[in-house]
Amino acid sequence: MGFDCEVSVGNALIDMYCKCGNIVYARTVFDRMLNRDVASWTSMISGYCNLGMIEEGLVLFERMKIEGLEPNDFTWNAMIAGYARNGDSKRVFDFFSRMTRVGLVPDLITWNAMISGLAQAKLGNKALKLFTDMLVSGVKPNQVTITGLLPACGSTGFVQSGREVHGLIYRMGLDVNFFVASALIDMYSKCGSIKFARNVFDSIPIKNVASWNAMIGCYGKQGTADLSIQLFERMRKEGIQPNEVTLTCVLSACSHNGMVNEGLEIFRSMKEKYAVEVSVEHYACVVDMLCRSGKMVEAYGLVKEMHIDITESIIGSFFNGCKIHGRRDLAKMMADDILRMELRKPGGFVTLSNIYAAGEEWDEVENLRKLMKVKNVHKHPGFSWLRDGVNTHPRSIQLRLDLFMQQPAATTATSSWESTVAKDLGDHAMFLNAHNNKSNQHA
């Protein structure tokens with residue numbers, strides 16, 4: 001077997017194991033390779049970064065240079081995307097600067113990796129600011145840019161920014177595919193604009209499951225569960241098979257609108273009627289629905305009979321219900337169970353602490369705070385867009401869009417959607433795969 005063949009086979013194995021989530025096997029193959037090229041290092045670094053093991057990726061990144069190989073665009077993108085998804089904006093911009101200093105020009109793939117990563121990390125304002133910087137630099141966005149950016153508009157609640165991005169799609173002649181349409185519906189939903197969301201939904205000529213799920217979820221979040229269920233029934237009549245996400249959207253709609261009987265009927269017939277296995281998300285919706293309606297005993301019984309690990313969201317819903325409906329007895333019964341769990345989010349602990357405080361059980365409050373410290377659970381303070389007397393609300397991007405549309409086509413503009421997908425070995429490819437997987441599941 002020749003040198004080139006050995007390297008290519010090793011690279012293919014590393015890529016396969018990384019995509020299957022088996023990073024240990026991937027690293028074993030990498031370490032046993034007698035010869036490695038840039039693709040070998042990049043695949044291994046990408047594997048670590050995609051799993052959130054950024055420090056391991058960074059060690060290889062630096063070691064790669066020591067061994068005489070220079071990282072290429074894809075290697076840099078993998079590191080940038082990894083830090084972006086982790087919400088480490090400082091390291092994102094550090095690597096971005098380092099990349100330019102070594103003479104590499106950030107292309108659309110790099111910008112997409114940064115924007116979608118920051119949006120996924122709930123750093124919406126930074127993602128929007130980065131998008132305006134990209135436009136000013138002359139790089140033309142594509143569908144992946146838009147799909148990655150729209151969640152930032154939704155998470156910040158800035159519908160005007162979302163509408164401006166929506167307008168840019170048409171002004172640039174971008175194709176509104178399933179992913180873009182679903183992202184638009186979700187963005188308008190999070191901003192409370194049902195009318196705009198429905199307009200997008202109705203304009204989709206051929207709808208897949210993700211499109212239906214997004215609109216059903218939109219109605220549920222906005223307190224119109226009847227419309228959500230109507231759309232769900234229409235979806236089934238049109239021959240679209242509901243999936244796990246569809247049922248989560250419908251159950252959530254029932255929960256937020258007090259439709260307990262309807263929700264329980266759907267929940268109990270999921271496997272038989274819809275061929276969907278009950279997941280922790282479905283349990284969370286039903287527990288929340290029962291707690292909202294004051295059926296705390298039933299909620300407690302459902303939690304106890306769960307054959308799936310209890311999550312922070314379920315615990316949080318239950319304790320909130322106990323607090324609202326004055327069921328400190330059930331809260332204490334549940335407390336003994338959750339103290340043995342490896343919960344890391346503060347919501348359930350804080351609510352339980354408030355329940356104890358309301359009953360002036362200060363010893364219990366102090367014990368719970370000590371437990372939170374031992375478990376390394378921290379409650380983060382709230383924040384405001386006002387900082388040091390200055391409004392830090394992200395600026396409107398309309399001016400940037402206007403300036404961009406007046407520019408001639410930039411030399412750094414990316415190629416087609418297909419070639420972009422093929423090129424990206426970093427966040428872009430992972431983002432597309434994740435989105436595609438979700439769409440297949442939603443569909």
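**Exercise 1. Surface exposure of Val9**

Task: Determine whether Val9 is buried, partly exposed or exposed in this predicted model, and identify the nonpolar patch that contains Val9.

Solution.
Step 1. The relative accessible area of Val9 is 38%.
Step 2. Buried requires a value under 20% and exposed a value over 50%; Val9 is therefore classed as partly exposed.
Step 3. Val9 belongs to helix α1, which covers residues 3–19.
Step 4. On the surface, Val9 forms a nonpolar patch with Leu13 and Met16, and together these residues have about 210 Å² of accessible area.

**Exercise 2. The environment of Ser40**

Task: Locate Ser40 in the secondary structure, classify its accessibility and describe its contacts.

Solution.
Step 1. Ser40 lies in helix α3, formed by residues 38–50.
Step 2. Its relative accessibility is 0%, so Ser40 counts as buried.
Step 3. A polar contact of 2.8 Å links the side chain of Ser40 to that of Asp37.
Step 4. Once neighbours within four places in sequence are set aside, the residues in contact with Ser40 are Val7, Asn11, Ile14, Phe30 and Met33.

**Exercise 3. The nonpolar core**

Task: State how many residues the largest nonpolar core has, which helix gives the most to this core, and which residues Phe318 touches.

Solution.
Step 1. As a general background, nonpolar side chains tend to be buried together in soluble globular proteins.
Step 2. In this model the largest nonpolar core has 114 residues, and Met79, Ile314 and Phe318 have the most contacts inside it.
Step 3. The helix that gives the most to this core is α18 (residues 280–292), with 9 residues.
Step 4. Not counting residues up to four places away in sequence, Phe318 touches Cys291, Met296, Ala299, Tyr300, Leu330, Ala331 and Met334.

**Exercise 4. Salt bridges within helices**

Task: For the pairs Glu62 and Lys65 and Asp202 and Arg198, give the N to O distance of each salt bridge and relate the pairing to the helix.

Solution.
Step 1. The whole structure holds 15 salt bridges.
Step 2. The side chains of Glu62 and Lys65 form one at 3.2 Å, N to O. These two residues are 3 apart in helix α4 (residues 54–66), which means that about one helical turn separates them.
Step 3. Glu62 is partly exposed at 29% relative accessible area, and Lys65 is partly exposed at 27%.
Step 4. Asp202 and Arg198 are joined at 2.9 Å, N to O. Because they are 4 residues apart in helix α12 (residues 194–203), their separation is again about one helical turn.
Step 5. Asp202 is partly exposed, with a relative accessible area of 43%; Arg198, at 22%, is also partly exposed.

**Exercise 5. A further pair and a network**

Task: Describe the salt bridge between Glu238 and Arg234, then name the residues that shared partners join into one network.

Solution.
Step 1. The side chains of Glu238 and Arg234 meet at 3.0 Å, N to O.
Step 2. Glu238 counts as partly exposed at 48% relative accessibility, as does Arg234 at 31%.
Step 3. Elsewhere, salt bridges with shared partners connect Glu62, Lys65 and Arg98 in one network.

**Exercise 6. Arg268**

Task: Place Arg268 in its helix, classify its accessibility and give its C-alpha separation from Val278.

Solution.
Step 1. Arg268 is part of helix α16, residues 260–268.
Step 2. With a relative accessible area of 62%, Arg268 is exposed.
Step 3. Arg268 and Val278 are 10 residues apart along the chain, and their C-alpha atoms are separated by 9.1 Å.

Key. Residues numbered from 1 in each chain as written. Predicted model: local features only at pLDDT ≥ 70, side-chain atom pairs only at ≥ 80, totals over all residues. Heavy atoms only, no water. Core = buried A, V, L, I, M, F, W, Y, C linked by side-chain atoms within 4.5 Å. Buried < 20%, exposed > 50% of the residue type's maximum accessible area, 1.4 Å probe, protein only. Contact = heavy atoms within 4.5 Å. Polar contact = N/O pair within 3.5 Å; in protein donor to acceptor, adjacent residues only side chain to side chain. Patch = residues over 30% accessible without salt bridge, like charges linked within 9 Å, V, L, I, M, F, W, Y side chains within 5 Å. Areas by Shrake-Rupley, 256 points an atom, 1.4 Å probe, with all protein chains shown as cover. Salt bridge = Lys/Arg side-chain N within 4 Å of Asp/Glu carboxyl O.
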